[in-house]
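Some points on the model follow, for reading beside the coordinates. They take up the sheet, two helix pairs and a few loop residues.

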Amino acid sequence: MGRCCRVLWGRGKECKELDGLLGAVRGGESRALAVWGEPGAGKTALLDYVAGRAVGFRVLRVTGVQSEMELAFSGLHQLCMPLSEGMGRLPGAQGGALRAALGLGGEGVPDRFLVGLATLGLLAEAGRERPVLCVVDDAQWLDRASLQVLAFTARRLVAESVAVVFGARVGEEVSGPAGGVAGPPDLEGLPGLVVGGMPVADARALLGSVLPGRWDERVLERIVAETRGNPLALLELPRESGLVELAGGFGLPGARGVTRRIQELYQRRFVRLPVQTRRLLLVAAAEPGGEPALLWRAADGLGIGLEAAGAAVAAELVRIDDRVRFRHPLVRSAVYWAASPEERCGVHRALAEATDARADPDRRAWHAAQGTQGTDEGVAVELERSAGRAQARGGAAAAAAFLARAVELTPDPVRRQDRALAAAQAAHQAGTPDTALRLLSVAEAGPLDRHRRGNADLLRAQIVFTTERGKSAAPALLRAARQLEAFDVPLARDTYLEAISAAMFAGPLATGGGQLEVAEAALAAPRTTEPPRAFELLLDGLATLITEGHDTGVQRLRSALDAFADPDLPVDEGVRWLWHAALAAGMVWDHEAWKILATRHLQLATETGQAMMRPFALSTRASVHVFAGELSEAASLVEEVRTVSEAVGISYPAYVALMVAVWRGDEAEHAVLARNIKTEATRRGEGVALIVGGWGRALLRNSLGDHEDALAAASEAADHPQREVSVAVGWALVEYVEAAARSGDADRAADAFRRLEERTRPSGTDWALGVEARSRALISGDAEAESHYREALDRLGRSTIRGELARTHLLYGEWLRRRRRQREAREHLRTAHDSFTDMGMEAFARRAARELLATGEKIRRHTVETTTTLTAQEVQIVRLVREGLTNPEIGARIFISPRTVEWHLRNIFTKLGVTSRRQLQR
């Protein structure tokens with residue numbers, strides 16, 4: 001009976017689940033599954049089972065190898081090269097990104113999400129011909145870049161006739177001194193199949209298949225208990241114990257973990273082999289590629305003959321044919337770590353000499369590094385070159401690994417510092433802040449000159465901003481900017497803008513490095529001699545707004561907004577800073593500029609494949625829709641924000657979802673979002689959340705007519721001692737005036753209006769002057785109030801701010817009703833009610849309805865008959881079809897394959913009773 005078949009005893013449930021997966025894929029669906037288990041649990045046997053049952057499938061296999069984890073996209077290369085004929089059919093940007101990642105050409109550093117979309121598209125196209133099964137074994141040892149792409153792809157599968165099955169170990173570390181191994185975090189959230197110990201009866205049967213004769217029942221019970229039903233342990237451990245020991249019941253002591261004991265038995269089997277056989281196995285263990293030609297070249301360099309392989313094969317530790325295959329990954333680990341450091345270095349040197357420097361320079365450099373004891377500048381230079389190639393392919397984690405090893409080999413202290421800084425920067429880009437900080441501490445171990453100190457401080461501050469985005473980041477960025485002034489003025493000014501952004505995030509929770517301190521330092525800093533770039537104008541505008549107020553700051557900000565609206569704005573500057581520029585447009589109440597800049601930012605983030613910026617660009621564009629009263633469009637974009645955030649693995653920015661909820665008057669949704677935002681922001685010290693949260697609650701309570709609660713919320717947003725230029729403070733002051741006036745607190749209403757006027761008057765837009773006029777009406781006597789209401793209607797009527805226009809009709813109608821001018825009141829209240837209803841602002845609509853009823857008007861209920869319900873993703877696809885996007889373009893926007901877009905469109909056509917995209921657009 002085959003070893004694999006025996007390991008599958010008692011795995012009926014697991015095999016049934018895998019059969020179901022294959023059945024679903026044969027039916028046109030897609031599936032992803034992570035098979036988890038400790039070493040020896042039978043994961044590989046299950047993967048072999050599903051591959052063997054995939055009759056009619058195209059089966060692609062990828063195996064992670066620990067010593068290849070530093071080679072960027074090496075795992076993805078295994079998967080994609082058999083499908084290389086399909087790369088030419090991928091959209092241009094995606095195909096270029098994938099080719100660049102695999103080292104097949106392409107320009108620029110590929111965005112890893114474009115690489116993910118390309119992989120998804122490649123598998124989807126292959127699935128058109130016949131179902132595809134991707135089997136990924138030892139996923140915990142894949143290089144990080146490949147694992148991220150494969151996990152991304154697995155999560156986006158829907159209807160491509162593709163299955164991706166991962167095998168990954170959890171539990172004890174068995175591969176050396178590196179510490180414990182947990183399951184790969186990139187696979188968290190995928191459907192899982194946990195492979196534990198075998199049931200007792202099956203474990204006893206498996207054990208009986210390898211033990212001759214009859215055995216004492218107590219002995220069998222003890223062996224099953226000691227091994228916890230681990231199939232590999234049941235098969236291997238009895239072979240290493242004497243029959244007398246087993247018969248007497250004294251074998252298999254339980255002092256060590258099962259996997260550790262399995263590795264030790266393989267090591268014992270290894271050390272009994274002849275010396276030359278052990279050396280040959282060590283060479284094979286050190287070279288994970290499994291290429292026999294390379295193995296024999298390296299062996300020849302070490303004076304090892306072909307006959308050395310015989311004993312290893314006879315011991316069932318390795319098989320050598322078209323590939324070099326170990327009996328189990330634990331055998332490779334056992335062989336490698338049983339050797340002395342000197343022996344390992346020797347075989348790595350031999351492998352470096354046997355590797356073609358032109359065909360595979362990175363593998364050669366890595367072996368050379370592993371084969372070096374002490375320092376070696378020549379090898380460090382080669383590693384640095386390999387890091388550059390990895391970085392060019394988008395493998396920041398691989399670049400960091402190469403550079404980190406180069407640091408260890410560098411003899412010169414100054415060069416070591418430079419390489420450590422570069423390695424820390426690469427680790428930061430790879431999203432491993434702990435590694436980045438460790439490498440940064442290596443750079444800072446010795447004295448740094450001003451230039452290196454400035455760069456180190458900047459990197460440390462950027463790491464803090466990325467991980468916390470709260471009150472700790474601004475002081476760190478401010479220190480870095482001051483350090484950089486002496487030798488890199490453009491970088492210093494760039495850093496000051498980052499510091500102001502961080503201080504604005506920190507808001508009222510800021511300690512040191514608050515907005516005023518950062519702004520004053522930025523204005524006092526040296527300036528570039530060239531004409532200022534758009535980001536520098538934005539820096540000056542924000543700093544002036546903070547230090548001198550809106551009277552002066554608004555004019556400077558307008559220059560910045562004009563610069564960012566310039567069609568010739570450099571793409572890299574636009575991608576990085578347009579988000580901040582769009583927020584600045586909101587600060588000066590310029591909705592048209594806000595719309596232009598937000599739209600441009602979303603366009604650039606999409607065109608350049610900057611997936612990490614997409615959630616922020618989408619959120620800004622959604623905010624524009626909110627104030628235009630286009631809540632359905634905003635909600636659809638919010639859903640896209642959720643989709644993209646999940647795909648790129650970042651925290652979901654929920655501020656705009658909160659805005660939609662409060663304008664809709666959805667109390668339940670607001671309560672959940674507000675609680676989550678406040679909890680997370682308080683943890684990070686992100687005080688701007690308190691301002692946004694206070695404004696949102698004030699708006700919601702005003703819409704419900706609960707003005708006293710609205711007053712408390714508005715005070716929470718706008719009443720704090722330090723100067724705060726957040727856009728939400730201006731919005732909160734609008735709510736403050738209404739809440740205080742309607743609560744009968746004239747003094748607080750007047751004070752809030754004064755502060756609001758300081759912001760709106762310098763802006764001069766119809767939006768600003770419209771809400772100012774309406775707010776003035778609320779605090780004015782009867783003689784003046786009506787003219788202010790009419791001015792507000794006139795100004796807001798010329799703007800695109802539909803929500804505030806409807807609110808003005810509501811407030812004016814309420815004012816007229818209280819003066820018994822019922823006919824005029826009904827006219828404005830009816831307009832407000834219809835507008836709120838059309839926009840989906842339900843709480844405001846109910847408030848208008850109550851006022852209309854008080855005038856004696858009967859309310860006609862707006863009913864919408866519907867027999868279909870689109871899912872959130874289907875709504876997104878309808879919106880994108882209406883924008884004129886093709887299926888591949890829609891797929892790229894929301895991170896699904898074109899085949900899944902087709903599948904969704906078929907469902908949408910059925911639900912809506914249409915038969916074409918043209919009908920859908922109408």
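1. Two strands are taken to pair if DSSP finds at least two bridges between them. The model is a predicted one, and the pairings below should be read as belonging to it. On that criterion, strand E1 (residues 31-37) and E5 are joined by 4 bridges and run parallel. Glycine 37 has valine 195 of E5 as its bridge partner.

2. The sheet as a whole is open and has 5 strands, in the order E2-E3-E4-E1-E5, with parallel pairing. E2 and strand E5 (192-195) are the edge strands; each has a single partner strand, so one side of each lacks a neighbour in the sheet. From one strand to the next the twist averages 15°.

3. At the E2 edge, 6 bridges connect E2 with strand E3 (residues 132-137), and the two run parallel. Valine 59 is matched with leucine 133 of E3 as its bridge partner. In general, strands of a sheet pair through backbone hydrogen bonds, either parallel or antiparallel.

4. Which side chains of E2 are buried, and which are not? The side chains alternate along residues 58-63. Arg58, Leu60 and Val62 point to one face and are buried. Val59, Arg61 and Thr63 point to the other face and are not buried. Note that an arginine occurs in each group: Arg58 in the buried one and Arg61 in the other.

5. Helix H6 (residues 112-129) lies across E2, E3 and strand E4 (162-169), and runs at about 135° to E3.

6. Just before E4 in the listing of elements comes a loop worth checking. Serine 161 lies in the loop between helix H7 (144-156) and E4. Its phi is positive, about 60°, although serine 161 is not a glycine. Most residues other than glycine have a negative phi. Serine 161 has a relative accessible area of 8%; buried means under 20%, so serine 161 is buried.

7. Tryptophan 589 is a second such case: its phi is positive, about 60°, and it is not a glycine. Tryptophan 589 sits in the loop between helix H29 (571-587) and H30. With a relative accessible area of 3%, tryptophan 589 is buried.

8. How do H30 and H31 cross? The axes of helix H30 (residues 591-607) and helix H31 (residues 614-627) come within 9 Å and cross at roughly 150°. The two helices are therefore roughly antiparallel to each other. H30 passes H31 in a left-handed crossing. Residues making the contact include Trp594, Ala598, Leu602 and Ala605 of H30, and Ala617, Leu618, Val624 and Phe627 of H31. The contact residues divide into 8 nonpolar, 6 polar and 3 charged.

9. The axes of helix H42 (residues 822-839) and helix H43 (residues 842-854) come within 9 Å and cross at roughly 155°. H42 is thus roughly antiparallel to H43, and H42 passes H43 in a left-handed crossing. Among the residues that meet are Leu829, Arg830 and Phe836 in H42, and Phe844, Ala848 and Leu852 in H43. By class, this contact has 8 nonpolar, 3 polar and 3 charged residues.

10. Arginine 533 is in the loop between helix H26 (515-524) and helix H27 (534-548). Arginine 533 has a relative accessible area of 39% and is partly exposed. The C-alpha atoms of arginine 533 and leucine 569 are separated by 9.1 Å, while the two residues are 36 residues apart along the chain.

Notes. Residues numbered from 1 in each chain as written. Predicted model: local features only at pLDDT ≥ 70, side-chain atom pairs only at ≥ 80, totals over all residues. Heavy atoms only, no water. Buried < 20%, exposed > 50% of the residue type's maximum accessible area, 1.4 Å probe, protein only. Axes fitted to C-alpha atoms, helices over the stretch in contact; angles between N-to-C directions. Parallel < 35°, antiparallel > 145°, perpendicular 65-115°, else oblique. Left-handed = near helix turned anticlockwise from the far one by under 90°. Contact = heavy atoms within 4.5 Å. Nonpolar A, V, L, I, M, F, W, Y, C, P; charged D, E, K, R; others polar.
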